[in-house]
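Biologist: I have a protein–DNA model open and would like to learn how to read its contacts. Could you walk me through them?

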There are 2 protein chains.
Amino acid sequence: MGVERMDPGDRRRQILARARTLFRERPYSEVSTTEIAAAAGVSRALLNHYFGTKRDLYLAAVTEMLAVPPVPVPEYVPGASVRERACQSIEGWLELLERNRETWLAAVGADGMGRDPELEEVVDAARDRVVDHIVQVVGLGPYAREHPEVRALLRGFGGMAEAASREWLVRGRLTRRQVHVFLEETLLRVLADILPRVIEDDHEMAPSPGLPWPSHT
Amino acid sequence: MGVERMDPGDRRRQILARARTLFRERPYSEVSTTEIAAAAGVSRALLNHYFGTKRDLYLAAVTEMLAVPPVPVPEYVPGASVRERACQSIEGWLELLERNRETWLAAVGADGMGRDPELEEVVDAARDRVVDHIVQVVGLGPYAREHPEVRALLRGFGGMAEAASREWLVRGRLTRRQVHVFLEETLLRVLADILPRVIEDDHEMAPSPGLPWPSHT
DNA sequence: CACGTTATTGGCGGCCCGCCAATAGCCGTT
DNA sequence: AACGGCTATTGGCGGGCCGCCAATAACGTG
């Protein structure tokens with residue numbers, strides 16, 4: 001038997017493409033090399049031939065997922081203000097996410113390993129507890145009950161806290177003091193200025209999701 | 001053979017403890033139930049008896065890791081200002097991280113699945129590309145070269161962007177517009193007010209890492 | 001000292017993965 | 001047109017890990 005021969009480069013690309021779609025749908029451990037091989041119409045051993053191990057194949061897949069998306073809109077607008085440039089860039093980022101929704105979720109979810117709903121739930125609960133804590137500490141109770149988005153925004157802040165902490169503990173690019181100042185200042189600005197603006201902004205417009213430049217008016 | 005019998009509750013706890021330490025050191029797929037069982041001095045089948053599957057055991061372990069840490073300092077100080085309370089709470093969070101460093105890294109790293117250095121590197125690179133993009137867009141080039149911390153802070157902002165985006169795409173608790181406003185406002189405040197403060201704060205003090213209340217002076 | 005209860009285990013069956021020797025398509029040469 | 005040689009491709013072996021179930025052996029109780 002054996003499929004027709006193929007140019008190694010093409011073959012490699014073809015396998016990688018199949019692997020990518022599968023890894024996008026289900027987590028690493030749930031996808032077997034057998035399955036990938038079958039989907040590509042190829043023997044399992046060929047995967048090992050082109051990419052060494054299963055993990056290597058996975059790495060190649062994730063790398064490709066992340067290679068396309070980021071920074072696709074590096075359009076530099078010299079005459080514009082910082083705010084305008086930031087606004088446009090953020091809009092580009094959101095646009096990108098909306099388009100490559102699945103890919104992005106798989107890739108960053110892959111930060112760990114990709115879509116394990118149960119595990120996700122556990123970590124999620126822990127993060128929600130942090131949010132609860134913040135709400136209590138800063139005395140946002142009533143406001144948070146009235147506007148559920150408050151909790152979501154605080155989860156955003158939590159994401160920043162985690163990332164900054166990693167910069168301190170793992171990569172050593174920030175000192176503990178710097179992390180502290182950073183988080184404290186940001187939290188206060190978010191609470192005092194940004195949070196109300198996000199909420200009010202939502203309420204003063206129709207829920208049509210298309211309007212491009214919401215803020216710098 | 002067979003070890004001496006033990007109270008089911010105790011046995012369960014004992015196994016879980018061993019599993020926790022192992023899962024803290026190495027990623028999920030690198031730890032075998034055989035190994036856990038051996039470490040606990042127990043047959044492999046007993047793991048399946050107490051916890052159903054390997055993943056269930058893992059979930060239990062992570063749950064316990066995350067159960068202890070969060071919100072251990074819910075001390076509510078009524079008389080204090082919001083800033084003081086926030087400051088103290090953040091200090092508590094950092095203190096906690098510093099103590100349970102390993103646990104925390106394993107648990108949140110476990111967001112995916114825990115410590116896969118190669119994969120981590122791939123995602124890391126992608127995030128750095130986002131930081132590059134931001135630096136370019138807002139024209140921070142020279143400043144960023146002078147102060148490497150700038151990039152670290154922007155990674156923090158990146159964490160917020162990812163978290164907020166998840167609130168929008170996955171949990172649906174924010175609209176796209178809200179995410180936009182949130183990110184734009186925060187980024188601008190960070191750039192204009194917070195970033196300089198973090199940097200200058202670092203330079204005006206000795207690098208002694210112990211001083212507790214850096215900011216609200 | 002039986003005797004039931006149940007914590008504990010040995011071992012089977014199945015799946016998955018990495019590797020290597022063997023196979024079979026394609027191409028240039030004569 | 002036949003023939004090698006090169007290499008893409010594969011079958012299958014060996015090892016590991018996991019879930020399950022029937023069998024076993026501690027322990028409490030009459």
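Modeller: Happy to, starting at the DNA. A residue is near a strand if one of its heavy atoms lies within 4 Å of it. Of the 26 residues around DNA strand C, those that come nearest are A:Thr33, A:Arg44, A:Thr53, B:Arg5 and B:Arg11. Bear in mind that this is a predicted model, where local features need pLDDT of at least 70, side-chain atom pairs count only at pLDDT 80 or more, and totals for chains, interfaces and linings use all residues. Residues are numbered from 1 along each chain as written, chains are lettered from A in the order written, and side-chain values use heavy atoms, leaving out hydrogens and water.

Biologist: Which parts of DNA strand C lie within 4 Å of the protein?

Modeller: Of those strand C atoms, 60% belong to sugar or phosphate, and the rest to bases. For a base, look at A:Arg44: a side-chain N or O atom there is 2.4 Å from a base oxygen of strand C. For the backbone, a phosphate oxygen is 2.9 Å from an N or O atom in the side chain of A:Lys54, and the side chain of B:Tyr50 has an N or O atom 2.8 Å from a phosphate oxygen.

Biologist: Which elements give two or more residues to the surface near strand C?

Modeller: Helices here are DSSP runs (H or I, at least four residues), numbered from the N terminus. Chain A offers α2 (33–40) and α3 (44–50), while chain B offers α1 (8–25) and α3 (44–50). α3(B) gives the most, with 5 residues.

Biologist: Now the protein partners. How do I read the size of an interface?

Modeller: It is often given as the accessible area lost when the parts come together. That buried area is taken with a 1.4 Å probe and summed over both parts. Chain B and chain A bury about 9900 Å² between them, 64% of it on carbon and sulfur atoms. In chain B, B:Leu169, B:Arg176 and B:Arg177 lose the most area to chain A, together 8% of what that side buries. Counting contacts (heavy atoms within 4.5 Å), 100 residues of chain B touch 101 residues of chain A.

Biologist: How many salt bridges link chain B and chain A?

Modeller: A salt bridge is a side-chain nitrogen of Lys or Arg within 4 Å of a carboxyl oxygen of Asp or Glu. The count is 20 between these chains. One of the pairs is B:Asp128 with A:Arg171, whose closest N and O atoms are 4.0 Å apart.

Key
Buried area = accessible area lost by both parts, 1.4 Å probe. Polar contact = N/O pair within 3.5 Å; in protein donor to acceptor, adjacent residues only side chain to side chain.
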